[in-house]
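Biologist: Before I rely on any description of this protein, I should like to hear the grounds for the words used. Could you place the model before us and justify each term in turn?

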Amino acid sequence: MRHPLIRPGTSSSSNLLDLIKETYMEESHDIVIVGGGICSLATALALHRKGIASLVLEKSETLRVDGGSIGVHVNGWRVLEQLGIAAELRETANLVTAFHDVWQEEEKITLTPVRKELRWLKRKDLLETMAKNVPAGAIRLGCHITAIHPSDPGAVLTTPGGSIIRAKVLIGCDGSNSVVAKYLGLSPAKSTPRTFLRGFTRYPHGHPFGDHFLRLRGKRFFVGRSPITDTLVSFFVACHIPSAGDTRDMRATRHSVVQKLEGQQCPAEIVEMVQNSDPESLNVVTKVWYRPPWQVAFASFRKGTVTVAGDAMHAMGSYIGQGGSAALEDALVLARSLARAAAGSGGGRDDEPCERTMIVGAATAIGGYVRERRLRVARLSLEAFVVGELLRAKSLATKLACLAILALLGTKALGHTNYDCGRL
Ligand SMILES: Cc1cc2nc3c(=O)[nH]c(=O)nc-3n(C[C@H](O)[C@H](O)[C@H](O)COP(=O)(O)OP(=O)(O)OC[C@H]3O[C@@H](n4cnc5c(N)ncnc54)[C@H](O)[C@@H]3O)c2cc1C
């Protein structure tokens, strides 16, 4: 807290009251990150590794560790390596060595080896590992930012309780419904209805599924199952769930999914996996958010020293499993750019205050970050968008067009995972 606003009061007790009130109500920070998800914590940690402090503001009262697991490909692991937490996280998740695809109706099975590192991490493990590596006090929970106003430099953030937080640099990592993206003038992200049940199942004596990620397509369901460890698997079931909007009774939701799978001749091992899942781990997704690729390619992601990263910049749903890893890449590139600017602005010219030099440097650094990320995230967004279109396509012509674009992008060979965003 740099500049608490102190006004003279009429008596010493009202002076004290004013001081407490004003200290609570107005504060100022160099770098503020809105959101406490993967992107935000990775950005805070990357900045911390470069010796730069930041403040993370998360609206929930706890870190949002729901959402089961997240597949992290080699591009994401490169970032985790740079953040210094890859070794610790590898202890929590087995390697996945192949995609095992089953088309139940067509009685078709394929096995595609995964040649580079891929592991499904529990979101909880990923978030908590990042959180414990940033300095104490760098994450503020229960802080909902509802409005952002322009300021020179940076922006002024407000909460429903009337708190005012001044940020010289503001980074919006606040997900697909980002308040920071709105401030930048971006159109709201779009959503498409898709219903998934996600969760974990424990096999105390070990599961028999090896190190393959299963994708099983039935007539009216789609199941994904990944090993996390030898005794824990993560799964999702995409199907119509009548009570999907009601998340109060997960046991009832699970029951209705089990019935649905049984009615569709789903293999017993899958039905049992869902039946025996931990009800505390279950959650339902009812829609997936995305920014159309043309928006990602052309939108303005910077205003002065305000920018966005992660889903706030390029929500892309779950179609190619790259949203999380792309968010990690954003974090590294942004922190690296800001660190270079900070290093370059050390002295400041005699006729120019050092702080002004820093602000100009930060704005330039953010411009560089946006330029560096634009092509990469536009390409990922295009790939995810086309996969989504292919799943929905009814006409043969649309399907062929989608397949042609995906072939050009190298989707089948997981070409997008080869990306290396470099050192921190
Ligand atoms: C079903 C599904 C499966 C997926 N599977 C994968 C996968 O296997 N691999 C992969 O890489 N990606 C996957 N993704 C995508 C991935 O989950 C996201 O891309 C990633 O979580 C984005 O992280 P983020 O930090 O940008 O945003 P989020 O995780 O959405 O975090 C945003 C945070 O900001 C907080 N917040 C929002 N507004 C405010 C505010 N106004 N004030 C304060 N705080 C605020 C929220 O509470 C939240 O904690 C999947 C997505 C879905 C939906």
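The exchange below concerns a predicted model and takes up its confidence, its overall form and one tryptophan.

Biologist: How do you know which parts of the model carry low confidence?

Modeller: The predictor's confidence runs from 0 to 100, and its mean over the protein is 90, with 92% of the residues at 70 or more. Over residues 1-14, however, the pLDDT is below 50; this stretch has 20 contacts in the model beyond near neighbours in sequence.

Biologist: What makes the protein as compact as a globular protein of its length?

Modeller: The protein comprises 13 helices and 17 strands. Its radius of gyration is 23 Å, and the globule rule gives 22 Å for 424 residues; the two values are close, so the description holds. Along the principal axes, the C-alpha trace spans about 80 × 50 × 40 Å. Of the contacts with a separation of 6 or more, 72% join residues 24 or more positions apart.

Biologist: Why is Trp120 called buried?

Modeller: The term requires a relative accessible area under 20%. Trp120 has 12%, and therefore qualifies as buried. Buried residues make up 52% of the 424 in the protein.

Biologist: Which residues does Trp120 touch, leaving aside those up to four places away in sequence?

Modeller: Trp120 lies in strand β6, residues 119-122. Its contacts include Ser69, Ile70, Gly71, Val96, Phe99, Phe213, Pro227 and Ile228. As for Tyr290, 170 residues away along the chain, its C-alpha atom is separated from that of Trp120 by 22 Å.

Terms used: Residues are numbered from 1 along each chain as its sequence is written. This is a predicted model: local features need pLDDT of at least 70, side-chain atom pairs count only at pLDDT 80 or more; totals for chains, interfaces and linings use all residues. Side-chain values use heavy atoms; hydrogens and water are left out. Contact means heavy atoms within 4.5 Å. Helices (H or I, at least four residues) and strands (E, at least two) are DSSP runs, numbered from the N terminus. The radius of gyration is taken over C-alpha atoms; the globule rule is 2.2 Å times the number of residues to the power 0.38. Buried means under 20% relative accessible area, exposed over 50%, partly exposed in between (1.4 Å probe, protein chains only).
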